[in-house]
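Here are my notes for a newcomer, as numbered points to read alongside the model. Please keep the structure open while you go through them.

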Amino acid sequence: MAAAAALAERARPLSSPNPGVGAIIIKDGIVVGRGWTQPGGRPHAEAMALEEAGEAVRDATAYVTLEPCAHQSTRGPSCASLLAASGPKRLVYGARDPDPRTAGTGIKILADAGVACVQIDSEAIQQSLAGHLMQFREGRPHVTLKLAMSLDGCIAMANGESRWITGDAARAHTHRERARADAILVGGETVRSDDPQLNVRLSGLENRSPHRLVLTHGNAPDGWGAVHSPEDVRRLTGIGYLFIEGGAGAAGAFLQADLVDRLLIYRAPILIGGGRAGVSDFGLDSLRAAHGRWRSDAHIRLGEDTLEIYTRTR
């Protein structure tokens, strides 16, 4: 299932508006088929894996990160019906699909066809489907906040100089994260002072630059979309993953609205002293209220810098 979740990463974000799903078919201990959701959402992961497996799928075990879809489409048959007709003996799936068009029906179709269905969920599965699950559970995108900071929590010098706090490896990783997002957001002050490109500048991934958004009470510049408040992200369509890059006001606004699901803190081994803070005040009324909100998931060395990854606990 972890391998299937890793395959699903290849679909993100090009599979939008469909979720990125991974599928692996195993027979007699050998991988005979694998697939992930293709650009534009079709073919689905299961269809790709079935095509590669061919006749070997009969009496095999299929591992899929998300319950196979049950709804017919003008773009192709449902994955549940494809699998049922192909004759695997067992389906192991990760998350139950909250989409009401499937929501248990996919599993019923397979069970009625004599396929043994087993659910094995995991953190890796949940993370690989975070955007899809968040859309149906909360009606909004999954939100990641990125901060590049000094050891003392500054994102810029007092005069605003901020290029570059982190090194090449950390900046490359940021571009990788941009390539995994449907949209990227910064505050109005960042747009006015820095005129950021916010594109992906990694070789081979240039076509994955996300849609640019600005948090502003006014109008957005040409080529940008305007978000007037954090709650407005619930009105965004086709956005499963939102990446916030700053500045301090935008970070504080989304934290105050409790709309940040994941933190990426790139920390450089420098001290600035008297610089600009990474996050503005977001309304905590006590130190006790600051505790228990974030789970530490990883610390990764990126050259001389360190990436700290945290998940919001709810």
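1. Let's start with one pair of side chains: histidine 132 and aspartate 97 are joined by a polar contact of 2.9 Å. A polar contact here is a pair of N or O atoms within 3.5 Å; within protein, one must be able to donate a hydrogen and the other to accept it, and residues adjacent in sequence count only if both atoms are side-chain atoms. Histidine 132 is buried, at a relative accessible area of 11%. For that label, buried means under 20% relative accessible area, exposed over 50%, and partly exposed in between (1.4 Å probe, protein chains only).

2. Before going on, a word on what you are looking at. This is a predicted model, where local features need pLDDT of at least 70 and side-chain atom pairs count only at pLDDT 80 or more, while totals for chains, interfaces and linings use all residues. Residues are numbered from 1 along each chain as its sequence is written, and side-chain values use heavy atoms, with hydrogens and water left out.

3. Back to histidine 132: which residues does it touch, not counting residues up to four places away in sequence? They are Pro19, Leu66, Asp97 and Pro98. Contact means heavy atoms within 4.5 Å.

4. Histidine 132 sits in helix H6, residues 130-138. Helices (H or I, at least four residues) and strands (E, at least two) are DSSP runs, numbered from the N terminus. Ala130, Gly131, His132, Leu133 and Met134 of H6 are buried, and the buried residues of this helix pack against E3, helix H5 (123-128), E6 and E11. Right after H6 comes glycine 139, with a positive phi near 70°.

5. Now the sheets. One is an open sheet of five strands in the order E2-E1-E3-E4-E5, with mixed pairing. Its edges are strand E2 (30-36) and strand E5 (116-119); each has a single partner strand, so one side of each is left without a neighbour in the sheet. Neighbouring strands of this sheet are turned by 15° against each other on average, direction ignored. Two strands pair if DSSP finds at least two bridges between them.

6. Within that sheet, E1 (residues 22-27) and E3 (residues 61-66) run antiparallel and are joined by four bridges. To find the spot, look for isoleucine 24, which stands opposite tyrosine 63 in E3. Helix H2 (residues 45-53) lies across E1, E2 and E3, at about 145° to E2. Axes are lines fitted to C-alpha atoms, for helices over the stretch in contact, and angles run from 0 to 180 degrees between N-to-C directions.

7. The other sheet to trace is open too, with eight strands in the order E10-E9-E8-E11-E6-E12-E15-E14 and mixed pairing. Strand E10 (225-227) and E14 are the edge strands, each pairing on one side only. From one strand to the next, the twist averages 25°.

8. Is strand E8 (residues 183-187) mostly covered or uncovered? Mostly covered: five of its five residues are buried. Ala183, Leu185 and Gly187 point one way, while Ile184 and Val186 point the other way.

9. E8 has a parallel partner in strand E9 (residues 211-215), over five bridges, with valine 186 opposite valine 214. Strand E11 (residues 241-246) also runs parallel to E8, joined by four bridges; there, alanine 183 has leucine 242 as its bridge partner.

10. Further along the sheet, E6 (residues 142-149) and E12 (residues 262-267) run parallel, joined by six bridges. Leucine 145 pairs with leucine 263 in E12. Helix H7 (residues 168-179) lies across E6, E8, E11, E12, E14 and strand E15 (305-312), running at about 160° to E12.

11. On edge strand E14 (residues 294-302) you will find aspartate 297. Aspartate 297 counts as partly exposed, at 33% relative accessibility. Its side chain makes a polar contact of 2.4 Å with the side chain of threonine 311. These two residues are 14 residues apart along the chain, with their C-alpha atoms separated by 6.9 Å.
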